[in-house]
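Here are a few exercises to work through with the model open beside you. Try each task before reading its solution.

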There are 2 protein chains.
Amino acid sequence: MVSTGSTTGGGLSTRRVVAVPELVDQARSGKARAVGRLISLVEDGSPQLREVMAALAPHVGRAHVVGVTGAPGVGKSTSTNALVRSWRSQGKRVAVLAVDPSSPYSGGALLGDRVRMGDHATDRDVYIRSMASRGHLGGLAWAAPQAVRVLDAAGFDVVLLETVGVGQSEVEVAGAADTTVVLLAPGMGDGIQAAKAGILEVGDVYVVNKADRPEAATVRRDLRSMLALTERRDAAWRPPVLLMSAQSGEGVEEVTEALDRHLAQAQESGDLERRRLRRARAEVEALAVDALRRQWEGVGSDGRVDDLAAQVAEGRLDPYAAADALLG
Amino acid sequence: MVSTGSTTGGGLSTRRVVAVPELVDQARSGKARAVGRLISLVEDGSPQLREVMAALAPHVGRAHVVGVTGAPGVGKSTSTNALVRSWRSQGKRVAVLAVDPSSPYSGGALLGDRVRMGDHATDRDVYIRSMASRGHLGGLAWAAPQAVRVLDAAGFDVVLLETVGVGQSEVEVAGAADTTVVLLAPGMGDGIQAAKAGILEVGDVYVVNKADRPEAATVRRDLRSMLALTERRDAAWRPPVLLMSAQSGEGVEEVTEALDRHLAQAQESGDLERRRLRRARAEVEALAVDALRRQWEGVGSDGRVDDLAAQVAEGRLDPYAAADALLG
C-alpha cells in the first residue's frame, strides 16, 4: 500500500498535485506514507517544495542529524542497521536517509529499502529511505538538507544521513550533519585512503568496523597517529576512534554514546549552532544559485547566457568578462 | 629547474605577482615552465586569472580535448601513456591534465607527474600535469576548463583530461571534453558498474583495456548490448567498443583513430559546436556564481546572508524565502 496513489500516471509531469498542509500534518503525526511523499517531492524538485518548506520551517531543528560515510566495503548498511537497533533500544525514533551520489536513479530504491529494513520492517518508529542525488537536483547541495528537514519536522529523534565516501560526498555529508561518523575497516589500505580522501578533517567520531579481524587494532593505531597530526576545525573535541563489529553488535553502544557526547559538547561549545548556521547558509545560497541559473537559462529569457557563451567559445570574449556581463 | 622561482616564500599568499603577458607569450612559444605557472595560477584561484584568461581568449578552440575516465583499477595511467605514445608517433603535441576529484591536495603531485612521465620525460612536446580539484576551487566546474584553456592556447594538438570515475566526475569530464573515452577492464563487475555510474550516457568511445584477459570479449559484448538499449544525446554517432592492451600496445592505434573519427563527425554534425557552447556556458555560469558567493559572504558586505541563515536555522524563515530575500 505504501507506494500506490502517489501518482496518477507514470511520469513525473503527471504527478498529482497534493495538498501540502494536509501532507505536512500527516507527516508530523507519524504517517510514513506522508513522509515518503514529501521526500519524493524533494527528489523530484517539485515546485510545491516552496510551500512544503514554509510549512515545515517552525518544526525543524530538534533532530540529531548524524552523517555516516565510508568507502565501499566498510559495511555501511550493516553498521547503520546496528546503530538503528541501539537507538531503538533507547526508545528513540530513527530515520535513515541513504544518499547515493553515484546513482542518477531513484528507481529500484524502494525494493532496496525494503530489503534493508530487515528487522526494522515492522517498526513504525524507524523510517528508511534511499534517495538519488544526481541529475537536476544539484547533488547533495540542497536535496539532502531538504529531505533532512522533512524527517526532522516529522519528529524523528535521530536522522541518519548515510552516503558512500567517494569524491566530495563525505565533505558534503559532514556539512549537512550535526555529527559525522567516518567508518573504516581493516584490509582496505585505510591509511592512504584516509589521507587522500580528506576524511581526517571531517569526522567527529571514527569507527573501525569489522573489529573481529586481527588488523583492526593496527588500523585504529594508524588512524590515531594521523589524527594527532591533523588540524581540526574544532579544537575542543578530540574525535574518538572506536572499534565496532556491526555484525555481532559489539561496540555499537559505545558508538551511539560517543555520538550523544559529541552532540552535548557541540551544544555547549556553540559549535552546533555554528554548524547549523553554516548549513542553513549553504542551503540558502544553493537555492539562490539554482533560481539564478533558471533565470539565466529559462525560456522567455533574452538568451543572454547563450549569446555570451557563444562569444566565449569563439574566443571573442573571456569567461570572466562574460560572467561580469551576465551579472551586470 | 622546473619548480624553482615560482614562489618567493613558501605559502600561497607570498606567491610573487607575475607579468601575465610575458607568461602567456612564453607558454604560447612552448615553454613548459610558463605553462606550469599558468596552471598553478588556476589551481590557486589567483586573482590574476582574470588577466590570464583575457590574454588567452583569442588563442583557444584549436586543441582536441579528450576526456578519459574509468573506475580505479582499469589502468588509466598506462592507457593514457599508450595514447600519448600513439599521438606522438603522428607528430602531435600532447598535454595530459590528470584531475583527482578525491584529493584536496596538489602537494606531491610534482613527484607523481615525473614518475608518470616515464618514457615521455625528455620529450618537449609532451606535458603532463596533475591538478587537485577540491577545496576552494569548486571542483571541476571551472578549474579544469581553465587549465584546458591554458593548454589549448599553448598550442597542444591534443589535451587529454584524465579523471578517476567516481561520483559525478565522469559526467563532469564529459561536459568538459570534445570526445570522452570510457575505460573498462575485465573482472571489475563492469556490467553493474556501467549501469550504475551512468557511463552509458557519457562515452563517445568505449575501451576495454587489459584485452589479453579472457573475459575481455564478454565485457565488450555485455557493454554493447547495454549501449544498444541506452538513449544517447547524439543519435548520429554510435560509440564503438574497442579492445586494447595498453601494456602491450595492441589496439591503441585503433583507439586514437576512433577519437579522430569522432572529432570529425562531431565537427560535421554541429555536435562539437554545441558541446563547446554548452561548456562555455557552464564555465561562465560557474564564474558568475562564484562571484556572487564572494559578494554574499564577503568582508564588507552587510552580513545579509548570515542574518538570513540565522533566521532559517531558528525556523523563523524557510530557505526559499531566504533565497528570495538574498536575491531581491
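**Exercise 1. Place A:Arg62 in chain A and decide whether this residue is buried or exposed.**

Start with the chain trace: A:Arg62 sits in the loop that links α3 (49–56) to β1 (64–70) of chain A. Helices (H or I, at least four residues) and strands (E, at least two) are DSSP runs, numbered from the N terminus. The model is a predicted one, where local features need pLDDT of at least 70, side-chain atom pairs count only at pLDDT 80 or more, and totals for chains, interfaces and linings use all residues. Residues are numbered from 1 along each chain as its sequence is written, chains are lettered from A and ligands numbered from 1 in the order in which they are written, and side-chain values use heavy atoms, with hydrogens and water left out.

Next, take the relative accessible area of A:Arg62, 61%, so the residue is exposed. Buried means under 20%, exposed over 50%, and partly exposed in between (1.4 Å probe, protein chains only).

Finally, look for its partners. Leaving aside neighbours within four places in sequence, A:Arg62 is in contact with A:Arg28 and A:Asp152; contact means heavy atoms within 4.5 Å.

**Exercise 2. Find the surroundings of A:Ser79 and decide whether this residue is buried or exposed.**

First, locate A:Ser79 in helix α4 (residues 76–89) of chain A. Its relative accessible area is 1%, so A:Ser79 is buried.

Then list what A:Ser79 touches, not counting residues up to four places away in sequence: A:Leu183, A:Asn209, A:Met244 and A:Ala246. With A:Asn209, the side chain of A:Ser79 makes a polar contact of 3.3 Å. Such a contact is a pair of N or O atoms within 3.5 Å; within protein, one must be able to donate a hydrogen and the other to accept it, and residues adjacent in sequence count only if both atoms are side-chain atoms.

**Exercise 3. Describe how α12(A) packs against α13(B).**

Begin with the geometry: the axes of helix α12 (residues 271–297) of chain A and helix α13 (residues 304–313) of chain B come within 8 Å and cross at roughly 110°. Axes are lines fitted to C-alpha atoms, for helices over the stretch in contact, and angles run from 0 to 180 degrees between N-to-C directions. The angle therefore makes α12(A) roughly perpendicular to α13(B), a label for 65 to 115 degrees.

Now pick out residues that meet: α12(A) contributes, among them, A:Arg276 and A:Glu285, while α13(B) contributes residues including B:Val305 and B:Asp306.

How values were computed:
Parallel < 35°, antiparallel > 145°, perpendicular 65-115°, else oblique.
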